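This report describes the structure shown below, moving from the whole protein to its parts. Please keep the sequence and the model at hand while reading.

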Amino acid sequence: MIAELVAELGPLWHERQQAKLASRPRQRRVGAGAKHRLVFVDRLLATLVHLRHGVTHDVLACWFGVDRSTITRAIGEVRPLLAERGCTIGPGVRLRTLAEVVDHLGTGEQTGIIDGTEIRVRRPAAGRKDRDVFISGKNKQNAVKSMVITDGEGRVLWCSPTEPGSCADITQARQLGLVKLLAGGPVVEILADAGYQGLGAQTGGRVVTPPHRKFNDWVRD
């Protein structure tokens, strides 16, 4: 399949690249100067991986050893070629709110996975009143965090707005209204880590977390 796409789309890509170069005012002949660091086969593979798995441009840039802008430009060039061939992306399901995610999981009888993720940020300017709330208790660094929900296959369904790093995972889930949505909504199973212990009792067992371990049990181990 890849070989067929390369044989069919490769010449079209090269033809359009040459036409683009020829249309510009030039001091050197077409073909002179630096060559592409990312050949067409790699451009096609990067585009297919991005479309199939949602891999970010930054990660693809690391894989192929090029700048992020090169990946962005490559995907922008190859996607129209795939679309002209009939390789288009279906409309799929677009989930904009946490309520839509819960309904989606319930309708499809799917298991969801919830977790918090932190992104390190610069320390807020001195004198800012809420400066200290950005310090994460887990990583001891300035950060913002989001709550992410995926399905059982690991596909990202929803990512929340950010909160300062000091906000606990369970607190953020409550503030987003997850408890209310699960307690009064469809029967959904959400898997979570120990940071969400307590939500199971508040949601009728819909949030499943590891069992709470007593300190004495940990000492004996």
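## Overall picture

The protein exposes about 14300 Å², and carbon and sulfur atoms supply 54% of this area. The model under discussion is a predicted one. Of the 221 residues in the protein, 31% are buried.

The secondary structure consists of 9 helices and 6 strands. Among contacts in the protein with a separation of 6 or more, 54% join residues that lie 24 or more positions apart.

## The nonpolar cores

In soluble globular proteins, nonpolar side chains tend to be buried together. The largest nonpolar core in this model has 21 residues, and Ile114, Met147 and Leu199 are the ones with the most contacts inside it. At least two residues of this core come from each of the following: helix H5 (98-107), strand E2 (143-151), strand E3 (156-159), helix H6 (169-175) and helix H7 (178-183). H5 provides the largest share, with 4 residues.

Which residues does Leu199 contact, once its neighbours within four places in sequence are left aside? They are Ile170, Ala173, Arg174, Leu178, Val179 and Val207. Apart from the largest core lies another, of 9 residues, which includes Val55, Leu60, Ala61 and Val66.

## A buried aspartate

Asp151 belongs to strand E2. Is this residue buried or exposed? Asp151 counts as buried because its relative accessibility is 3%, which falls under the 20% limit for that class.

The side chain of Asp151 reaches the backbone nitrogen of Glu153 at 3.0 Å. When residues up to four places away in sequence are not counted, Asp151 touches Gln110, Thr111, Ile113 and Leu157.

## Helix H4 and its partners

Helix H4 covers residues 68-85, which makes 18 residues. From its first C-alpha to its last, H4 reaches 26 Å, close to the 26 Å expected at 1.5 Å a residue. After H4 comes Gly86, which has a positive phi, near 105°.

Which residues of H4 are buried? They are Thr70, Ile71, Ala74, Ile75, Glu77, Val78, Leu81 and Leu82. These buried residues pack against three helices, namely H1 (2-22), H2 (40-53) and H3 (57-64).

## Where helices H1 and H2 meet

The structure holds 1 aromatic pair. Trp13 and Phe40 form this pair, with a distance of 5.5 Å centre to centre and an angle of 35° between the planes, and the arrangement is tilted. Because Trp13 lies in helix H1 and Phe40 in helix H2, the pair ties together parts that are 27 residues apart in sequence. Both Trp13 and Phe40 are buried.

Gly10 is also placed in helix H1. With a relative accessibility of 5%, Gly10 counts as buried. How far apart are Gly10 and Phe40 in sequence and in space? They are separated by 30 residues in sequence, and their C-alpha atoms are 6.5 Å apart. Not counting residues up to four places away in sequence, Gly10 touches Leu5 and Phe40. Phe40 thus appears twice in this region: Phe40 pairs with Trp13, and Phe40 is also touched by Gly10.

Conventions:
Residues are numbered from 1 along each chain as its sequence is written. This is a predicted model: local features need pLDDT of at least 70, side-chain atom pairs count only at pLDDT 80 or more; totals for chains, interfaces and linings use all residues. Side-chain values use heavy atoms; hydrogens and water are left out. A nonpolar core is a set of buried Ala, Val, Leu, Ile, Met, Phe, Trp, Tyr and Cys residues joined through side-chain atoms within 4.5 Å. Buried means under 20% relative accessible area, exposed over 50%, partly exposed in between (1.4 Å probe, protein chains only). Contact means heavy atoms within 4.5 Å. A polar contact is a pair of N or O atoms within 3.5 Å; within protein, one must be able to donate a hydrogen and the other to accept it, and residues adjacent in sequence count only if both atoms are side-chain atoms. Accessible areas come from the Shrake-Rupley method with a 1.4 Å probe; for residues, only the protein chains shown count as cover. The expected span of a helix is 1.5 Å times one less than its number of residues. Rings of Phe, Tyr and Trp (its six-membered ring) pair if their centres lie within 6.5 Å; planes under 30 degrees apart count as stacked, over 60 as edge-to-face and the rest as tilted.
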